[in-house]
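Visitor: Hi, I'm new to this one, so could you walk me through it?
Guide: Gladly; let's have it in view before we start.

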Amino acid sequence: MIRKFQKVDTKQVMQIWLNGNEEAHPFIPKEYWKSNFEMVQKHLLHAEVYVYEDAGTIYGFIGIQENYVAGIFVKKEVRSTGIGKQLLDYVKAIHQALTLNVYQKNRRAVEFYKREGFSIILENIETDTGEIDYTMHWHINKKQ
């Protein structure tokens, strides 16, 4: 079930965030993610976040700031089971347009977003990591 994030979810969500970043971005030192942990946790409490939960366990979440997808994270053992798509579809139903950033080297995520209707609109080098980063955009198709 998808539901709105609650403060009590913080520990599970942050563990998924840390593990997910370390697993999806082996080209970035783990210390980078650890050094950003507290800042992300603080922002989490003020963002629009939805979690995918089953029997008290959170398996994934999506964070939104206005129309910007700050991230979709799913536990490793349940990736590619449709949870990420369900979370993205959930926010697509309440937003007419979405933008996000994804590292070029995170090919799995880039392909996922393309399958979900996002297009690359900009390529940059992220200052903090020196990695190539894509800005991707999706908008609702009014003809549907």
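Visitor: Which residues have the most contacts inside the largest nonpolar core?
Guide: That core has 23 residues, and those with the most contacts inside it are Ile-62, Ile-72, Leu-88, Val-102, Tyr-113 and Phe-118. A nonpolar core here is a set of buried Ala, Val, Leu, Ile, Met, Phe, Trp, Tyr and Cys residues joined through side-chain atoms within 4.5 Å, where buried means under 20% relative accessible area, exposed over 50% and partly exposed in between, with a 1.4 Å probe and protein chains only.

Visitor: And which residues are in a second, separate core?
Guide: It is made up of 16 residues, including Ile-16, Val-49, Phe-61 and Phe-73.

Visitor: How far should I trust the numbering and values?
Guide: This is a predicted model, in which local features need pLDDT of at least 70 and side-chain atom pairs count only at pLDDT 80 or more, while totals for chains, interfaces and linings use all residues. Residues are numbered from 1 along each chain as its sequence is written, and side-chain values use heavy atoms, leaving out hydrogens and water.

Visitor: Changing topic: is Lys-92 buried or exposed?
Guide: Lys-92 is buried, with a relative accessible area of 12%.

Visitor: What does its side chain reach, then?
Guide: The side chain of Lys-92 reaches the backbone oxygen of Glu-116 at 2.5 Å. Leaving aside neighbours within four places in sequence, Lys-92 is in contact (heavy atoms within 4.5 Å) with Leu-98, Glu-116, Phe-118 and Trp-138.

Visitor: How about Asn-36, buried or exposed?
Guide: Asn-36 is buried as well, at a relative accessible area of 18%.

Terms used: A polar contact is a pair of N or O atoms within 3.5 Å; within protein, one must be able to donate a hydrogen and the other to accept it, and residues adjacent in sequence count only if both atoms are side-chain atoms.
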